[in-house]
Amino acid sequence: MDGLQNDAAAVLQTVFDRQKDAFSFAHAEDLNARRHKLERIENLIRTRQDDIVKAIEKDYGTRSSAETLSAEIAMTLSASKDLRKHLKHWALPRRVKNGSPIPGKAIIQPRPKGVVGVISPWNYPFQLAMIPLITAIAAGNHVMLKPSEFTPHTSKLFEDFFINDFDTAEIAVVTGGHDVGEAFSALPFDHLFYTGSTKVGRLVAIAAAKNLTPVTLELGGKSPCVILPDADIAEAAKTIAFGKFYNAGQTCVAPDYLLVPKDQAEKIGKAIIETTTDFYEDLATEPDYTSIINEDHYDRLNKLVSQCVSEGVALLRTPSDEQALKAKRKIAPTVLLNPAGTSAIMEDEIFGPLLPILEYESVEEAIAFINKRDHPLALYVYGGGDGCDTILQSTTSGGACVNGTILHLMIENLPFGGVGHSGYGAYHGERGFREFSHDRAVFNLPKWVPKSLITPPYGKLFYTLLKKQMR
Ligand code: NAD
């Protein structure tokens, strides 16, 4: 935080203090007020829909508006409607069985946590900031949001959005780079929700630990996609290409690499590239084929391809005018055939439109390959029958999708989160409401219960009940 101006840190602290002072459990109890806030946000999103599409387009260069409308706007709106619809039910105190010898009511009472911090990344800059934010609001919290510095137009829009229509004591946006992120994660939030890289996630968890702030880490990693021998290749190619080249591969749950049966890499690679020629007429001018977010990521991805080529790895690419693509900071869908497991492209999450395909001899070998690596955020399997079940049973991952990619994320009732190096905690739907709530355990001891049951001197009744409990 050395580089951060003292006044910037002071501003963060002031906003935090204001939110903390304004928060009260009694006030947060009001479910109508929470629902009303969500409705106002939904109305804002609808009226400013075009501004959102334009801001993200400016941040990317080219960003498929169809993908912005579906993955950013529609997903946020449906999440908000779902929260409003179920809020009353989820917020109800839940009576649980009292299995103890002492009579009384045992109740779980969901409470707001207080002031929640949300740090978001650039790849889906609207959705990944807004869904945590609205879920935290639904749970009765105040929220401070720190969006990514790589999407300044979207961040500016957030500022306008909330400054004009909401009290910063309840919803506030602070902008800036990693230094602001560092100062932000050092604030003593009641919960900190972070989406981004595993490397920064670790720093956020360390900063939060100093305040004993509970954290949700939504991280990335290399998500494998296994094609079993009985899979329909032509069908699989369509949904693999969809999940891999959506947002030009800049998706946390994009299939990172394929594991395919021996001698199938080229055939499957060709089927995927052929599919992309059906998807996109001319990559450079195609508005639904998205640019790489910035020069650094563009260079990083091109370097990965050059490294593969220098290692003698064969590649298949969607035909395109390279110069025209470069001018738009786009990279053609690229399949890399059989790179070594130790190649740079197999080290870190690719996060771009490059797809290595590796061959396996047996399903057991594919499982061992996955299990040797960090637990992924997503896992995909194509095929039917036992092979599919064996892979799901023998591995773990944040989420999984069978005969499809990335779609599990859209199911509101499925928790979304990682495991191990792909993160911890989860959200979406009810799971999100619980993540941003504290489950207070309340035990209500009836007046009529004889206190001799629990207090010294321990008498006959006490020992009778104790014996029963210890049986
Ligand atoms: P990033 O980690 O570089 O940045 C994310 C956010 O953290 C930004 O707002 C940034 O300013 C902030 N930040 C940077 N340094 C910080 C620090 N020291 N302390 C606190 N905050 C800091 O990630 P990115 O490049 O924006 O996003 C890409 C990564 O995010 C990929 O790994 C991707 O898989 C992952 N991701 C995960 C999910 C998920 O839901 N699991 C979703 C999208 C992206």
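A salt bridge here is a side-chain nitrogen of Lys or Arg within 4 Å of a carboxyl oxygen of Asp or Glu. With that in hand, let us walk through this structure, keeping in mind that it is a predicted model.

Glutamate 149 and lysine 146 make a good starting pair: their closest N and O atoms are 3.6 Å apart, and they form a salt bridge. The two partners sit in unlike surroundings. Glutamate 149 is partly exposed, at 37% relative accessibility, while lysine 146 is buried, at 4%.

How many salt bridges does a search of the whole structure find? The count is 18. Another of them joins lysine 222 to aspartate 256, with N and O 2.6 Å apart. This pair links distant parts of the chain, since lysine 222 belongs to the loop between β7 (215-218) and β8, and aspartate 256 to the loop between α10 and β9, 34 residues apart. Are these two residues buried or exposed? Lysine 222 counts as buried at 12% relative accessibility, and aspartate 256 is buried as well, with a relative accessible area of 2%.

A further salt bridge brings together the side chains of glutamate 39 and arginine 84, at 3.7 Å from N to O. Glutamate 39 lies in helix α3 (residues 31-47) and arginine 84 in helix α5 (residues 65-91), so this salt bridge ties together parts that are 45 residues apart in sequence. Glutamate 39 is partly exposed, with a relative accessible area of 36%; arginine 84 is partly exposed too, at 21%. The pair also belongs to a wider arrangement, because Glu39, Glu42, Arg46 and Arg84 are linked in a network of salt bridges.

Now to a pair of helices. The axes of α4 (residues 49-60) and α7 (residues 152-165) come within 7 Å and cross at roughly 150°. An angle over 145 degrees counts as roughly antiparallel, and α4 and α7 are therefore roughly antiparallel to each other. On the α4 side the contact is made by Asp51, Ile52, Ala55, Ile56, Lys58 and Asp59, and on the α7 side by Pro152, His153, Thr154 and Leu157. What is the character of this contact? Its residues divide into five nonpolar, two polar and three charged.

Helix α11 (residues 265-279) invites a quick geometry check. At 1.5 Å a residue, its 15 residues should span 21 Å, and the end C-alpha atoms are indeed 21 Å apart, which agrees. Which residues of α11 are buried? They are Ala265, Ile268, Gly269, Ala271, Ile272, Ile273, Thr275 and Thr276. An α-helix has 3.6 residues a turn, so residues three or four places apart point the same way. What covers the buried residues of α11 includes the helix α10 (233-245) and the strands β8 (224-227), β9 (257-261), β10 (314-317), β11 (334-337) and β12 (354-360).

One residue of that cover deserves a closer look. Valine 335 is found in strand β11 and is buried, with a relative accessible area of 0%. Beyond its neighbours within four places in sequence, valine 335 is in contact with Gly269, Ile272, Ile273, Ala314, Leu315, Leu316, Leu355 and Ile357. Among these, leucine 315 is 20 residues away in sequence, with the two C-alpha atoms 5.5 Å apart in space.

The loops have their own points of interest. Proline 188 is in the loop between α8 (178-185) and β6 (191-195), and at 37% relative accessibility it counts as partly exposed. Not counting residues up to four places away in sequence, proline 188 touches Phe16, Asn211 and Thr213. Its C-alpha atom is separated by 8.0 Å from that of leucine 212, 24 residues apart along the chain.

Finally, some backbone geometry to check in your viewer. Most residues other than glycine have a negative phi, and most peptide bonds are trans. Aspartate 263, in the loop between β9 and α11, has a positive phi near 70° and is exposed at 61% relative accessibility. Arginine 329, in the loop between α13 (322-327) and β11, also has a positive phi, of about 55°, but counts as buried at 19%. The peptide bond from proline 456 to proline 457 is cis, with omega near 0°; proline 457 lies in the loop between β16 (437-444) and α17 (460-470).

Terms used: Residues are numbered from 1 along each chain as its sequence is written. This is a predicted model: local features need pLDDT of at least 70, side-chain atom pairs count only at pLDDT 80 or more; totals for chains, interfaces and linings use all residues. Side-chain values use heavy atoms; hydrogens and water are left out. Helices (H or I, at least four residues) and strands (E, at least two) are DSSP runs, numbered from the N terminus. The expected span of a helix is 1.5 Å times one less than its number of residues. Buried means under 20% relative accessible area, exposed over 50%, partly exposed in between (1.4 Å probe, protein chains only). Contact means heavy atoms within 4.5 Å. Axes are lines fitted to C-alpha atoms, for helices over the stretch in contact, and angles run from 0 to 180 degrees between N-to-C directions. Angles under 35 degrees count as roughly parallel, over 145 as roughly antiparallel, 65 to 115 as roughly perpendicular and the rest as oblique. Ala, Val, Leu, Ile, Met, Phe, Trp, Tyr, Cys and Pro count as nonpolar, Asp, Glu, Lys and Arg as charged, and the others, Gly among them, as polar.
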